[in-house]
Amino acid sequence: MASVKEELPVGNVTAVPAAASRPRAQPRQLSDEEHSLFARTGQRRDVAPGEIIFRRGELGRSMFIVESGQVQLEFGDGLPDKLIGPREFFGELVLFIGSHTRVANAVALGHTGLRIVEHDAFERLLDTEPRLVAQFMRRSFSYLVASEQQLIQGLKRRNEDLMVTLDSLRQTRTQLTTAERLVQTDELTGLCNRRGLYMYLERLHEQRLPETVLGLLLVDLDRFKQINDRCGHLIGDQVLRAIAEEVQSAASSTDVPCRLGGDEFALLMQITGEEELRARATQIIAAVRALRFPGVGDGLVVSVSIGGSLCVDGVDWAVWYSDADAALYEAKGRGGDGYEVSRAGDFAAGVPDPA
Ligand SMILES: Nc1nc2c(ncn2[C@@H]2O[C@H](COP(=O)(O)OP(=O)(O)OP(=O)(O)O)[C@@H](O)[C@H]2O)c(=O)[nH]1
């Protein structure tokens with residue numbers, strides 16, 4: 001086929017006004033003249049409801065005009081379907097560019113009468129009816145361009161919607177992370193709380209350093225009730241925050257310092273052995289003893305008791321806790337300001353020298 005452009009009698013085509021150079025959708029229905037032209041040229045075919053006229057991906061060589069009934073064009077990929085009714089046409093691109101891969105499935109919705117215009121017949125019309133063919137092609141092109149623009153607008157809108165959805169998903173994720181962090185954090189001291197410790201324990205196997213043992217220290221303030229009674233709850237809170245800082249200072253990056261509640265703190269550590277467990281307990285006791293609270297009455301001095309244990313891998317947290325708690329009980333019984341280490345029910349006391 002000679003190129004359509006060469007064969008089009010441009011002079012016969014009604015000039016498009018400058019203001020209308022932006023493509024406007026033309027009615028997809030054929031004019032009376034066009035319709036009778038194609039009716040003379042095309043073959044009639046009746047299709048049953050649900051019959052597939054062509055499939056997406058097939059090569060086509062003919063255009064279809066709906067004479068009665070309705071055809072649905074299914075583009076897939078989330079694009080909207082299109083309905084083609086009486087006097088409307090579809091699959092026309094093959095007439096202009098020879099053979100063309102169909103971009104949609106065409107399915108008859110009910111009993112449908114079609115007029116089929118083959119590529120060769122259309123080529124002959126270019127010679128015999130150039131004015132009508134040119135009019136038809138112009139209508140077709142402007143319809144195609146308008147459809148493309150509509151599609152681009154739709155995709156743009158979808159893209160914008162997606163960006164908004166993505167944004168709100170990101171926000172929700174940040175909120176969830178914040179909420180998760182808050183739920184695991186002790187409000188007063190900023191340390192991990194009991195829930196946070198349990199969550200850490202659940203993931204502990206992923207975090208184990210080679211050639212270390214787990215050690216647990218339970219740290220409890222001595223006579224804290226008296227401090228509250230004497231100095232007030234605000235000072236009591238200040239003392240709790242100061243103890244939290246010392247427990248935190250004794251922790252390395254793989255340890256979990258936490259406040260279990262009230263005046264009880266815990267430090268779960270990955271250490272080399274009992275010597276290190278004792279060293280950390282000594283460090284905390286000495287640091288707490290050295291704490292001063294300027295402006296508080298007659299010079300407040302505080303101390304802690306610590307119970308420590310080496311944890312046996314594979315044994316429940318409750319066992320670790322109860323071993324360390326038994327040691328803590330012993331340390332308290334000795335008057336506080338010192339530590340005990342539990343070794344299978346045996347206690348080895350340690351009272352650091354006053355600083
Ligand atoms: N200021 C303050 N006090 C708290 C907080 N949580 C618990 N307490 C107080 O901590 C005190 C703990 O008292 P006890 O369990 O009797 O312990 P203790 O007085 O330290 O006695 P020993 O442990 O035997 O030395 C109670 O008076 C609680 O009211 C808190 O968040 N802030």
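This section describes the fold, the sheets, a helix pair, the ligand shell and several single residues of a predicted model.

The protein chain holds eleven helices and 16 strands. Of its 355 residues, 26% are buried. Among contacts with a separation of 6 or more, 70% join residues 24 or more positions apart.

One open sheet has four strands. Their order is β1-β10-β4-β7, and the pairing is antiparallel. The edges are formed by β1 (43-47) and β7 (89-90). Each edge strand has a single partner, so one side of each is left without a neighbour in the sheet. β1 pairs with β10 (residues 112-118) in the antiparallel sense, over five bridges. Within this pairing, Asp46 stands opposite Gly113 in β10. Helix α4 (residues 119-128) packs on the sheet, where it touches β4 and β10. The direction of α4 makes about 65° with that of β10.

A second antiparallel pairing joins β11 (residues 213-221) to β14, over eight bridges. Asp220 has Ser305 as its bridge partner in β14. Strand β14 spans residues 304-311 and is mostly covered. Eight of its eight residues are buried. Cover extends to both faces of β14. Val304, Ile306, Gly308 and Leu310 are buried on one side. Ser305, Gly307, Ser309 and Cys311 are buried on the other. Ser305, the bridge partner of Asp220, is thus named among the buried residues of β14.

Two packed helices are described by the angle between their axes and the distance between the axes. For α8 (residues 224-231) and α9 (residues 233-249), the angle is about 135° and the axes lie 7 Å apart. The two helices are therefore oblique to each other. On the α8 side, the contact involves Phe224, Ile227, Asn228 and Cys231. These meet His233, Ile235, Gly236 and Val239 in α9. The residues of this contact divide into five nonpolar, three polar and no charged.

The ligand is surrounded by 15 residues. The closest are Phe224, Lys225, His233, Gly236 and Gly262. Phe224, His233 and Gly236 also take part in the contact of α8 with α9. At least two residues of the shell come from each of β11, α8 and α9. The largest share, four residues, is supplied by α9. By class, the shell holds four nonpolar, four polar and seven charged residues. The contact of α8 with α9, in turn, includes no charged residues.

Two residues that are not glycine have a positive phi. In Glu211, phi is about 55°. Glu211 lies in the loop between α7 (204-207) and β11. It has 7 C-beta neighbours inside 10 Å and therefore counts as exposed. In Arg223, phi is about 50°. Arg223 is found in the loop between β11 and α8. With 13 C-beta neighbours inside 10 Å, Arg223 counts as partly exposed. The cut-off explains the two assignments, because a residue is exposed if 12 or fewer other C-beta atoms lie within 10 Å of its own. The count of 7 for Glu211 meets that limit. The count of 13 for Arg223 does not.

Gln70 sits in the loop between β4 (62-68) and β5 (71-74). It is partly exposed, with 17 other C-beta atoms within 10 Å. Its C-alpha atom is separated by 4.8 Å from that of Gly85, 15 residues apart along the chain. Gly85 is also one of the residues that Gln70 touches, when residues up to four places away in sequence are not counted. The others are Leu83, Ile84, Leu109, Gly110 and Thr112. Of these, Thr112 falls at the start of β10 (residues 112-118).

Met137 belongs to helix α5 (residues 130-183). With 18 C-beta neighbours inside 10 Å, Met137 counts as partly exposed. The C-alpha atoms of Met137 and Glu92 are separated by 9.2 Å. These two residues are 45 residues apart along the chain.

Key. Residues are numbered from 1 along each chain as its sequence is written. This is a predicted model: local features need pLDDT of at least 70, side-chain atom pairs count only at pLDDT 80 or more; totals for chains, interfaces and linings use all residues. Axes are lines fitted to C-alpha atoms, for helices over the stretch in contact, and angles run from 0 to 180 degrees between N-to-C directions. Angles under 35 degrees count as roughly parallel, over 145 as roughly antiparallel, 65 to 115 as roughly perpendicular and the rest as oblique. Two residues are in contact if their C-beta atoms, placed from the backbone, lie within 7 Å. Ala, Val, Leu, Ile, Met, Phe, Trp, Tyr, Cys and Pro count as nonpolar, Asp, Glu, Lys and Arg as charged, and the others, Gly among them, as polar. A residue is buried if 20 or more other C-beta atoms lie within 10 Å of its own, exposed if 12 or fewer, and partly exposed in between; C-beta atoms are placed from the backbone. Two strands pair if DSSP finds at least two bridges between them. A residue is near a molecule or strand if its C-beta atom, placed from the backbone, lies within 6 Å of it.
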